[in-house]
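Open your viewer and get ready to click around. We'll go stop by stop: what to select, then what is there.

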Amino acid sequence: MKKIIFVLSFALVALAVFSYDKAKENDKLALALSGQYAKRMADASEKLDELNIAIEKSLLFNESDGSKKAREDIWRLTSDIRGSIDSLPLDASFSTAWSNYLSRVGSYAKEADRLSNSGDFEKVMSKASKNLQLMSTDWQVATAGLVDGRYSMNEWVERLDAKSSDVDWSQKGNSVKQYTESDFPLTASESDAMKKKDLQNITDPEVSKDEAVSIFKQVFPQVTNDVIGVEKSQPGAPYPFYHIRFASNQTVGYIDITEKGGHVLSYLADRPFGEPAVSFDDIKQRTEEFLEKAGYRDVVFEEARENSNAWHFVYVRVEPLHKAKVFSDVIHIKAAKDTGEIVGLNAAEYIRKEKLEDQPIVKINWKTFFHNGVKVEKEELAYVENEQLKQRLAYFLTVTKEDEKGIGTYQVLVDTETKEVLKTEKLF
């Protein structure tokens, strides 16, 4: 009997020690995540101030390099802030409204040269500047609790619940929507396009929490030793998903998996990086093996960028009829240079999958289409949005032109039916 009591007592002590260790580990992960989120919120606040200054600078000039530089800054900053907002744990309606407004501000600045009346830019951007100042104040109030450390991660999540929150997220989201509608009224085609992107058009059967965790373990077996939390997305999210947090050795992070179909939306692993040890070709090969295993079998490599720790790859979906690239359906991958491991993924745009329409393909004589000296180096097909945000099938050309400065390389997109030049970008 004494032996049994001893064994039971030892088991209880061991269980208590294990529970304490796990609680400490969970606290460390929550602290790491809250610190990461706080940094992104503070970064977005700082860039909001920079955006307002850029708008004010753009209003100083009529036509000059100063105006162009300020408008380029507006485009860059709105993109950066949207990236921060999209990755933060915020109320879905609030963050969606913010992203939409910032997208309209950035696009308007980028396309300002095409305005028939230059006075329209000053009129619109003056209103945008005032509204952004009000929005900036709302942003400071809404995010203060996590940035200044008053709220733990759990308290912040509870604060997002409309019933218990001291912030009226719905009202703040509606205010931003009103700014969007008044400052940048949508055309009918733009409105339809935005509605399509907000629809819950995933028709796959739903997966359970356990099935979502199983999918996680299949795709990322190397970091699933300890799944420490699974929560559902907030009500009203365009795509309901499971938010799975994990900790493995020195790695902490999360993965979001759609409730319908169990598609991986995004993934982030935060860990220390060692010295680069894997070649670019090996990392790219491992990335493509991962994509195949994860079920992304209709994508092709498009471009790569790098920083000191990782390679950032972009893969584009290819539609089956014309084998055309769909530039609105992309997957972003981050792979570590030290091990080749996937440490980041964003497939939200890929999952939305644009609804494409077939269109005539008119043969074009490029020798007469371009000036003398312009050489078509590569010709592909791609779907791309036109100014009305409608997907159009286009010739995707890489062309070169030699002048006294050297050889310039450009990418040109030409509508296959109307021959309209949809986009021209200089590469180098």
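Here's a term for our early stops: a nonpolar core is a set of buried Ala, Val, Leu, Ile, Met, Phe, Trp, Tyr and Cys residues joined through side-chain atoms within 4.5 Å. Buried means under 20% relative accessible area, exposed means over 50%, and partly exposed is in between, using a 1.4 Å probe and protein chains only.

Two bits of housekeeping. This is a predicted model, where local features need pLDDT of at least 70 and side-chain atom pairs count only at pLDDT 80 or more, while totals for chains, interfaces and linings use all residues. Residues are numbered from 1 along each chain as its sequence is written, and side-chain values use heavy atoms, with hydrogens and water left out.

**Stop 1: the whole chain**

Switch to cartoon view. The protein chain has 11 helices and 12 strands; these are DSSP runs, numbered from the N terminus, with helices being H or I runs of at least four residues and strands E runs of at least two. Of its 428 residues, 43% count as buried. Now turn on the surface: the chain exposes about 23,700 Å², and carbon and sulfur atoms supply 51% of that. Those areas come from the Shrake-Rupley method with a 1.4 Å probe, and for residues only the protein chains shown count as cover.

**Stop 2: the cores**

Select Y296, I331 and L345. Within the largest nonpolar core, which has 37 residues, these three have the most contacts. Add residues 209-219 to your selection: that's helix α8, which gives the most to this core, with 5 residues.

Which residues does L345 contact, leaving aside its neighbours within four places in sequence? Its partners include V264, Y267, F290, Y296 and I331. Contact here means heavy atoms within 4.5 Å.

Next, pick A54, F94, A112 and F121. They are among the 26 residues of another core, which lies apart from the one around L345.

**Stop 3: the rings**

Show F220 and Y267 as sticks. This aromatic pair is stacked, with 3.7 Å centre to centre and 10° between the planes. Rings of Phe, Tyr and Trp (its six-membered ring) pair if their centres lie within 6.5 Å; planes under 30 degrees apart count as stacked, over 60 as edge-to-face and the rest as tilted. F220 lies in the loop between α8 and β1 and Y267 in strand β4 (residues 264-270), so the pair ties together parts that are 47 residues apart in sequence. Both F220 and Y267 are buried. Add F216, F246 and F290, and you have one aromatic cluster together with F220 and Y267.

Hop over to W366 and F369 for an edge-to-face pair, 5.3 Å centre to centre with 90° between the planes. They are 3 residues apart in helix α11 (residues 366-369), so about one helical turn separates them. W366 is buried at 12% relative accessible area, whereas F369 is partly exposed at 29%.

Two more rings have a charge sitting over them, meaning that NZ of Lys or CZ of Arg is within 6 Å of the ring centre and within 35 degrees of the ring normal. Select K337 and W311: the charged end of K337 is 5.4 Å from the centre of the W311 ring. Then try K353, whose charged end sits over the ring of Y350, 3.7 Å from its centre.

**Stop 4: the charged pairs**

Side chains of opposite charge can pair when their charged atoms come close. A salt bridge is a side-chain nitrogen of Lys or Arg within 4 Å of a carboxyl oxygen of Asp or Glu. How many salt bridges does a search of the whole structure find? It finds 19.

Start with R245 and E231, whose closest N and O atoms are 2.9 Å apart. This pair links distant parts of the chain, with R245 in strand β2 (residues 241-248) and E231 in strand β1 (residues 227-232), 14 residues apart. R245 is buried at 17% relative accessibility, and E231 is partly exposed at 29%.

Now select K423 and E425, a salt bridge with its closest N and O atoms 3.8 Å apart. K423 is partly exposed at 40%, and E425 is partly exposed at 36%. Then highlight K47, K69, D73, R76 and D80, which salt bridges with shared partners join into one network.

**Last stop: D43**

Find D43 in helix α1 (residues 2-58). D43 is partly exposed, at 26% relative accessible area. Finish by selecting S84 too: the C-alpha atoms of D43 and S84 are separated by 7.9 Å, though the two residues are 41 residues apart along the chain.
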